[in-house]
Amino acid sequence: MKQGFPIATRGQRIGLLGGSFDPAHEGHAHITREAMRRFGLDRVWWLVSPGNPLKSHGPAPMASRIAQARRVMADPKVTITGLEAQLGTRYTAQTLARLTALYPGVHFVWLMGADNLAQFDLWEDWRGIFARVPVGVLARPGHRMVTGQARAARIYASARLPAEQARLLPFARRPAWCFVQMPMSDLSSSAIRAGGEWRAR
Ligand SMILES: Nc1ncnc2c1ncn2[C@@H]1O[C@H](COP(=O)(O)OP(=O)(O)OP(=O)(O)O)[C@@H](O)[C@H]1O
Ligand SMILES: O=C(O)c1ccc[n+]([C@@H]2O[C@H](COP(=O)([O-])O)[C@@H](O)[C@H]2O)c1
């Protein structure tokens, strides 16, 4: 394994939660715990992104975002990483190509809130993402309807695993995705930024 990269063993089920985390909040921690429980994950790695390719404004410096993420999510099963900066990747499809090559035999699951499913078809090589890893989608307030209506969801309707089978997701033949409902958190980084406290730190 490359130096400075998290350790994983063959057969482990690892969720990957990518995000700007600008800043990390309890909503991220909540979906992480739910994802571990519902999809039967052993670990979750947060990928603190150097910058969302679809967002024009640059986020706060990586070091501040990583430090805040570690304050919010101090769970031994969760690793806060800057893997995309280490790998030099920016697009999720590239990141997943590198990680699946670096960690053979690990069952990765890409995790995201339902808001991201809505625009998933705009992501670079999004079909390649579906081909490479199963995708776990977590409910988010205001995006209840998105699971049926999103273009990506419609195109891949036959690849959807029912929520009752969520624990099979890490082992599912690709393409596979699963949407799970849960008690939702309405927290968002943009609302926190709008409150001014994060930028003022
Ligand atoms: N409250 C939440 N409920 C469900 N999913 C969430 C929630 N907050 C964040 N997520 C998901 O976590 C991942 C990383 O989110 P991100 O760092 O962009 O935070 P955010 O609160 O969505 O930020 P912003 O408000 O700036 O868009 C995304 O997949 C997003 O959908
Ligand atoms: O690869 C892409 O085209 C792409 C487009 C938009 C978002 N993403 C990823 O989605 C994750 C959530 O992004 P964000 O900014 O909403 O936190 C983060 O890991 C981004 O790199 C990826």
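User: Helices (H or I, at least four residues) and strands (E, at least two) are DSSP runs, numbered from the N terminus. On that footing, where is Pro-23 found?

Analyst: Pro-23 sits in the loop between β1 and α1. Keep in mind that this is a predicted model.

User: Is the peptide bond between Asp-22 and Pro-23 cis or trans?

Analyst: Cis. Omega is about 5 degrees for the bond joining Asp-22 and Pro-23. Most peptide bonds are trans.

User: What about the bond from Arg-174 to Pro-175?

Analyst: Also cis, with omega near -5 degrees. Pro-175 is placed in the loop between β6 and β7.

User: Back to the loop between β1 and α1. Is the phi of Phe-21 positive or negative?

Analyst: Positive, about 45 degrees, although Phe-21 is not a glycine. Phe-21 lies in the loop between β1 and α1. Most residues other than glycine have a negative phi.

User: Is Phe-21 buried or exposed?

Analyst: Buried. Phe-21 has 25 C-beta neighbours inside 10 Å, and the cut-off for buried is 20 or more.

User: And Asp-125, what is its phi near?

Analyst: Near 50 degrees, a positive value in a residue other than glycine. Asp-125 belongs to the loop between α5 and α6 (126-132).

User: Why does Asp-125 get the class it has for burial?

Analyst: Asp-125 is partly exposed because 15 other C-beta atoms lie within 10 Å. That class falls between exposed, at 12 or fewer, and buried, at 20 or more.

User: Ligands next. How many residues surround ligand 1?

Analyst: 18 residues do. The closest are Gly-19, Gly-27, Gly-113, Ser-189 and Ser-190.

User: Which elements each supply at least two residues of that shell around ligand 1?

Analyst: β1 (13-19), α1 (26-38), β4 (107-113), α5 (114-118) and α9 (189-195). The largest share, three residues, comes from α1.

User: How do the residues of the shell around ligand 1 divide into nonpolar, polar and charged?

Analyst: Six are nonpolar, 10 polar and two charged.

User: Same for ligand 2: which residues are closest?

Analyst: Gly-18, Gly-19, Asn-52, Tyr-91 and Trp-123, out of 15 residues that surround ligand 2. β1 and α4 are the elements giving two or more residues to that shell. By type, the shell around ligand 2 has six nonpolar, seven polar and two charged residues.

User: OK, the sheet. What is the strand order?

Analyst: The order is β3-β2-β1-β4-β5-β7-β6. The seven strands form an open sheet with parallel pairing.

User: Which strands stand at the edges?

Analyst: β3 (78-81) and β6 (160-161). Each has a single partner strand, so one side of each is left without a neighbour in the sheet.

User: Zoom in on β3. Which side chains are buried?

Analyst: Val-78 and Ile-80 point to one face and are buried. Thr-79 and Thr-81 point to the other face and are not. In a regular strand the side chains alternate between the two faces of the sheet.

User: How many bridges pair β2 and β3?

Analyst: Four, in the parallel sense. Leu-47 stands opposite Thr-81 in β3.

User: Which helix lies across β2 and β3?

Analyst: α2 (residues 62-72). Helix α2 runs at about 155 degrees to β2 (43-48).

User: What joins β5 to β7?

Analyst: Four bridges join β5 (residues 135-138) to β7 (residues 177-180), and the two run parallel. Within β7, Cys-178 is opposite Gly-136.

User: One more residue. Where does Tyr-103 lie?

Analyst: In the loop between α4 (92-102) and β4. Tyr-103 counts as partly exposed because it has 19 C-beta neighbours inside 10 Å, while buried starts at 20.

User: How far apart are Tyr-103 and Ala-35?

Analyst: 68 residues in sequence and 21 Å in space, C-alpha to C-alpha.

User: Now the whole chain. What does the secondary structure come to?

Analyst: Nine helices and seven strands. Of the 201 residues, 38% are buried.

User: What is the radius of gyration of the chain?

Analyst: 16 Å. That agrees with a compact globule of 201 residues, which would have a value near 17 Å. The C-alpha atoms fill a box of roughly 45 × 40 × 30 Å along the principal axes.

User: What share of contacts join residues at least 24 apart?

Analyst: 76%, among contacts between residues at least 6 apart in sequence.

How values were computed: Residues are numbered from 1 along each chain as its sequence is written. Chains are lettered from A and ligands numbered from 1 in the order in which they are written. This is a predicted model: local features need pLDDT of at least 70, side-chain atom pairs count only at pLDDT 80 or more; totals for chains, interfaces and linings use all residues. A residue is near a molecule or strand if its C-beta atom, placed from the backbone, lies within 6 Å of it. Ala, Val, Leu, Ile, Met, Phe, Trp, Tyr, Cys and Pro count as nonpolar, Asp, Glu, Lys and Arg as charged, and the others, Gly among them, as polar. Two strands pair if DSSP finds at least two bridges between them. Two residues are in contact if their C-beta atoms, placed from the backbone, lie within 7 Å. Axes are lines fitted to C-alpha atoms, for helices over the stretch in contact, and angles run from 0 to 180 degrees between N-to-C directions. The radius of gyration is taken over C-alpha atoms; the globule rule is 2.2 Å times the number of residues to the power 0.38.
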